[in-house]
Amino acid sequence: FISSNAFATDTAAPIEVVNNFTPYPLHAEDFQLPTPKNEQPTTNNEQPTLRVMECFDGQLITARHDRPARVEHGLVVPDVAQDVLKLTVVNRYHPAPPAVAFIQGFGLQRGALASSVGHDSHNITAVGCDDASLARAVQLVMEARGGLAAVDPDGQELLLPLPVAGLMSDQPGPAVAAAYTAIDALAKQLGSPLQAPFMTLSFMALLVIPSLKLSDKGLFDGEAFRFVDAVV
């Protein structure tokens, strides 16, 4: 029920910002994923296997695909042509190495997206085509102590700060709506076909929804109910 007296305002009441967020520096190298020990590929038939999460537009569930990894200089890297991008979850509460896996469905052709809205723990979840863009998007959210970020390696960067618990803005509604519209448009300019890329990203760390999800502790198989390796 919505009262007929309800109304929106373009002003914001002063609030005391409450936020549990510990920024710390991260670099592109922190998101690298080496091939498993003793499994360096020597031919195409000896490539490691990726457990790839697939997301779907407007859905919380994901699918799992096992596919050959793309390896360069001993590192497992995204395959943008096949829409296999790097996904990471970074602990926002204390310094820790990023958890890294791979995902299909976001469709980015370049750059990265990051968000501190990540159910249920609300760590930083990010998806990207390369480690430098991924690190930059995560760092923008870190420096703001919460928010949404989109990074185009050609130079454009947008940030929607969410200073209240890393989940909400303290700015007037119209200003937030305009900022969100702009950052959503940039995500789609980077190639994403999803109706709401940041909404989809916010559920990629929700472990209780099958099939695969990623937490700051690693890749989780919701059907087997255990953590699994992203690369085998």
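Is F225 buried or exposed? In this predicted model, F225 has a relative accessible area of 61% and is therefore exposed, since the cut-off for that class is over 50%. The residue is a useful entry point to the aromatic contacts, which are taken up again after the sheet and its helices.

The sheet is open and consists of 8 strands, with mixed pairing. Read across, the order is β2-β1-β6-β5-β8-β7-β9-β10. The edges are β2, residues 62–68, and β10, residues 157–161. Each of these has a single partner strand, so one side of each is left without a neighbour in the sheet. From one strand to the next, the twist averages 25 degrees.

At the β10 edge, the partner is β9, which covers residues 147–151. The two strands run antiparallel and are joined by 5 bridges. Within this pairing, A149 stands opposite L159 of β10.

Two helices can be placed relative to these strands. Helix α1, residues 131–144, lies across β5 (85–90), β7 (112–115), β8 (124–128), β9 and β10. The direction of α1 is at about 150 degrees to β9. Helix α2, residues 173–189, also packs on the sheet, where it touches β7, β9 and β10. Between the directions of α2 and β10 the angle is about 145 degrees.

The loop between β7 and β8 contains H122. With a relative accessibility of 14%, H122 falls under the 20% cut-off and so counts as buried. Leaving aside residues up to four places away in sequence, H122 touches R92, Y93, S116, V117 and L167.

That leaves the aromatic residues. A pair of aromatic rings is described by the distance of the centres and the angle of the planes. The structure holds 2 aromatic pairs. In one, F220 and F225 lie 5.2 Å apart, centre to centre, with 80 degrees between the planes, an edge-to-face arrangement. In the other, the ring centres of F220 and F227 are 5.1 Å apart. The planes of F220 and F227 stand at 75 degrees, over the 60 needed, so this pair is edge-to-face as well.

F220 takes part in the pair with F225 and in the pair with F227, and the three residues form one aromatic cluster. Their accessibility classes can be set side by side. F220, at 7% relative accessibility, counts as buried. F227 is partly exposed, with a relative accessible area of 42%, while F225 is exposed at 61%.

Technical notes
Residues numbered from 1 in each chain as written. Predicted model: local features only at pLDDT ≥ 70, side-chain atom pairs only at ≥ 80, totals over all residues. Heavy atoms only, no water. Pairing = 2+ DSSP bridges. Helix = DSSP H or I, 4+ residues; strand = E, 2+ residues; numbered from the N terminus. Axes fitted to C-alpha atoms, helices over the stretch in contact; angles between N-to-C directions. Contact = heavy atoms within 4.5 Å. Buried < 20%, exposed > 50% of the residue type's maximum accessible area, 1.4 Å probe, protein only. Phe/Tyr/Trp six-rings, centres within 6.5 Å; stacked < 30°, edge-to-face > 60°.
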